[in-house]
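Student: I would like a careful look at one small part of this model, followed outward into the fold that surrounds it. Please take the reasoning step by step.

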Amino acid sequence: MVYRILSSAAAVVLLAGCSLTATRPAADSTAVEACKTLNYRYAQARDSGNADAYGDLFAENAVFYMGKKPYEGRDAIITRLREGQDSANFARLLIDNMYIEKDGDDSATGVVYFSMYYSDADPDAPRPIETFRLFMGEYHDRYTLAEEGCKLAERKTVPLFMGRFAK
């Protein structure tokens, strides 16, 4: 009888543990997907020059490193985008592989591979391939997770390959 009670109690504890672990990966998966979507939105906002949409992707006190230079705070990050927009240049950012992992209740980290195509050819004409400059690198990110979704808390740009500049 005691064996049967202990076996039943062990089964209940085991099943309770399974249900707890079954819900956590689903929550982690939702957070990771939100951060992946953020990266696609980042490329769209950056390429279109939509500074408001771009700024909404960053936490208020975010830091964005381009090389060794940090842009601290959402306002500085938005200003960097606005100042970097040049009508004589055309660029497209492609987000490639992403590895993002939830590492706390309200945080995640990740590495995002990207390719940047850039040209200073006439933006209203087809661009010959030889005018493109290719830059490939990684973003090393920290994310904050809140009710409003995933936000970039820190983004470090790590250059890996740089194409030759045509001119």
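Student: What is the relative accessible area of K156, and does that value make the residue buried or partly exposed?

Tutor: The model is a predicted one, and in it K156 has a relative accessible area of 37%, which makes this lysine partly exposed, because the class runs from 20% to 50%. The side chain of K156 meets that of E154 in a salt bridge, with 3.9 Å from N to O; since the criterion asks for a nitrogen within 4 Å of a carboxyl oxygen, a reader who works with other cut-offs may want to keep that value in mind. E154 itself is buried, at a relative accessible area of 16%, so the bridge has one buried partner and one partly exposed partner. The pair does not stand alone, for R142, E154 and K156 are linked in a network of salt bridges.

The backbone around E154 can be followed next. In β6, which covers residues 149-162, E154 is the bridge partner of V63, and R155 of the same strand stands opposite F64. These contacts belong to the pairing of β6 with strand β1 (residues 58-66), which is parallel and rests on four bridges. V63 has a further bridge partner in β2, namely E72, while the partner of Y65 in β2 is P70. Strands β1 and β2 run antiparallel, and four bridges join them. The hairpin that they make has two residues between the strands, and G67 there takes a positive phi near 65 degrees.

Seen as a whole, the sheet is open and mixed in its pairing, with six strands in the order β2-β1-β6-β5-β4-β3. At the edges stand β2 (69-72) and β3, each with a single partner strand, so one side of each is left without a neighbour in the sheet. From one strand to the next, the twist averages 15 degrees. Beside these six strands the protein has three helices, and from the N terminus on, the elements run α-α-β-β-α-β-β-β-β.

Strand β6 also carries one end of a covalent link. A search of the whole structure finds one disulfide, which joins C35 to C150 with 2.1 Å from S to S; C35 lies in helix α1 and C150 in strand β6, so this link ties together parts that are 115 residues apart in sequence. The angle about the S-S bond is 100 degrees, and the link is right-handed. Both ends are covered: C35 is buried at 0% relative accessibility, and C150 is buried at 7%.

Further along β6, the picture turns to the surface. L160 is found in this strand and is partly exposed, with a relative accessible area of 46%. Together with M136 and F161, L160 forms a nonpolar surface patch, whose accessible area comes to about 290 Å². Thus β6 holds a buried cysteine, C150, as well as a partly exposed leucine, L160.

To set the bridge of E154 and K156 in context, the count of salt bridges comes to eight. One of them is formed by K102 and D28, whose closest N and O atoms are 3.5 Å apart; K102 lies in strand β3 (residues 90-104) and D28 in helix α1 (residues 2-48), so this pair ties together parts that are 74 residues apart in sequence. Helix α1 therefore takes part in a salt bridge to strand β3 and in a disulfide to strand β6. Another salt bridge is that of R46 and D47, at 3.1 Å from N to O, and here both residues are buried, whereas K156, where this look began, is partly exposed. For the protein as a whole, 34% of the 167 residues count as buried, and E154, C35 and C150 are among the buried residues described here.

How values were computed: Residues are numbered from 1 along each chain as its sequence is written. This is a predicted model: local features need pLDDT of at least 70, side-chain atom pairs count only at pLDDT 80 or more; totals for chains, interfaces and linings use all residues. Side-chain values use heavy atoms; hydrogens and water are left out. Buried means under 20% relative accessible area, exposed over 50%, partly exposed in between (1.4 Å probe, protein chains only). Patches are made of residues with over 30% relative accessible area and no salt bridge: like charges are joined within 9 Å, nonpolar side chains (Val, Leu, Ile, Met, Phe, Trp, Tyr) within 5 Å. Accessible areas come from the Shrake-Rupley method with a 1.4 Å probe; for residues, only the protein chains shown count as cover. A disulfide is a pair of cysteine sulfur atoms within 2.5 Å. Two strands pair if DSSP finds at least two bridges between them. Axes are lines fitted to C-alpha atoms, for helices over the stretch in contact, and angles run from 0 to 180 degrees between N-to-C directions.
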